[in-house]
Amino acid sequence: MVANTSIKANLHSVLQRINIACLKANRDPNQVKLLLATKTVHPDNIILALNEGQKLIGENKVQEIKQKHDALKNIPHEKHFIGHLQTNKIKDVLKYDVSCIQSLDRLKLAEHLHEGLSRATRKVDVLIQVNTSGEQSKFGIHPAEAIDFIKKVAGFNTLRIKGLMTIGIFSGEENKVRQCFKTLRSIQEEVKSENMHNVWMDELSMGMSSDLEVAIEEGATIIRVGTAIFGIRKYSDSYYWNENES
Ligand SMILES: *Cc1c(COP(=O)(O)O)cnc(C)c1O
C-alpha cells in the first residue's frame with residue numbers, strides 16, 4: 001500500500017498536470033473530469049482521494065465493486081465501469097449503481113444490458129469503446145466499424161450513448177499515442193454529424209497516467225488515472241484486460 005501522504009501529493013500533482021495541459025491547449029480545466037482508476041486499490045486509499053474532493057471512480061471488475069461496496073457506500077461518489085464486461089456479470093453491475101459503462105464493445109453486451117434494464121425499467125449511460133491502437137490485447141470496436149455499431153446500439157432506448165472511450169497505444173512515441181486520440185475524436189465528429197437519436201457524443205474518455213496531456217490536447221473530457229495517483233499495481237494490466245478472467 002502507498003502511504004497516505006504520497007497519495008495526496010500524487011493526486012495534487014496530477015491535478016496540476018491537468019491544469020497545465022488545459023492551459024497549453026487553451027481549454028477550461030472544468031471540462032476535463034478526472035476518473036480515479038481504482039482497480040486493486042484498497043478502499044481506505046480510495047476514500048482518501050474522495051475526501052480530497054474527487055467524485056468519480058472507475059472499476060474494471062464487478063468482483064472488486066462488490067468487495068469495496070460496503071466500505072465506500074457512505075462516501076458520496078459516482079462509479080463507472082471501465083473493464084471488460086462479461087454478459088453473466090450484467091445483473092451485478094446494474095445492482096451496484098454503476099452510472100456509466102465505458103466499455104460497451106459488442107452487440108451481444110448491448111442486447112443483454114437492454115434486457116436487464118428493460119426489466120428494471122431503468123436506463124444507463126454508456127460509452128462505446130473503440131480499439132484505436134490495433135493492439136490485439138485490447139478490447140473495443142474497430143474504428144471502421146464504429147459508426148455502424150453505434151447506429152445499432154442507438155436502437156436500444158435504455159442505453160444513453162454519451163460518447164466514446166479508448167485506451168491509447170502503449171508507446172514511447174508521442175505521435176502514435178496522439179494518433180489514437182485523434183482517431184477517437186474524428187469518430188466523435190462523424191457520429192455527431194449524423195444526428196442520431198439517443199446519441200449525445202459529448203464525452204471522450206481517453207488518457208491515462210502516462211498520456212493524459214496528449215489526450216487533453218486532443219479533446220479528452222474524461223481522463224482515467226490510476227498509477228500516477230495510487231502507485232504501481234501488483235498485477236499486470238493484461239490480467240484486467242484479458243478475456244479469461246473470472
Ligand atoms: C487501469 C486503467 C486505467 C488507468 O491506467 P494507469 O496507467 O494506471 O493510469 C485507465 N483505463 C483503464 C481502462 C484501465 O484499466
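A polar side-chain atom of R233 sits 2.8 Å from an oxygen atom of the ligand. That is a good place to enter this predicted model. G226 also approaches the ligand, with a backbone N or O atom 2.9 Å from one of the ligand's oxygen atoms. R224 faces a nitrogen atom of the ligand instead: an N or O atom in the R224 side chain lies 2.8 Å from that nitrogen. How many residues surround the ligand? There are 13, and the closest are K39, N60, S209, T227 and R233.

Now turn to the helices. Two packed helices are described by the angle between their axes and the distance between the axes.

Start with helix α2, residues 43-51, and helix α3, residues 62-72. Their axes are 10 Å apart, and the packing angle is about 55 degrees. α2 and α3 are therefore oblique to each other. Their crossing is right-handed. From α2, the contact uses P43, I46 and I47; from α3, it uses K68, A71 and L72. By class, the residues of this contact of α2 with α3 are 5 nonpolar, no polar and 1 charged.

The next pair lies further along the chain numbering: helix α6, residues 146-153, and helix α7, residues 174-193. Their axes come within 10 Å and cross at roughly 50 degrees. That makes α6 oblique to α7. α6 passes α7 in a right-handed crossing. Which residues meet here? A146, I147 and I150 in α6 meet I187, E190 and V191 in α7. The contact of α6 with α7 has 5 nonpolar residues, no polar ones and 1 charged.

Conventions
Residues are numbered from 1 along each chain as its sequence is written. This is a predicted model: local features need pLDDT of at least 70, side-chain atom pairs count only at pLDDT 80 or more; totals for chains, interfaces and linings use all residues. Side-chain values use heavy atoms; hydrogens and water are left out. Axes are lines fitted to C-alpha atoms, for helices over the stretch in contact, and angles run from 0 to 180 degrees between N-to-C directions. Helices (H or I, at least four residues) and strands (E, at least two) are DSSP runs, numbered from the N terminus. Angles under 35 degrees count as roughly parallel, over 145 as roughly antiparallel, 65 to 115 as roughly perpendicular and the rest as oblique. A crossing is left-handed if the near helix is turned anticlockwise from the far one by less than a right angle, and right-handed if clockwise. Contact means heavy atoms within 4.5 Å. Ala, Val, Leu, Ile, Met, Phe, Trp, Tyr, Cys and Pro count as nonpolar, Asp, Glu, Lys and Arg as charged, and the others, Gly among them, as polar. A residue is near a molecule or strand if one of its heavy atoms lies within 4 Å of it. A polar contact is a pair of N or O atoms within 3.5 Å; within protein, one must be able to donate a hydrogen and the other to accept it, and residues adjacent in sequence count only if both atoms are side-chain atoms.
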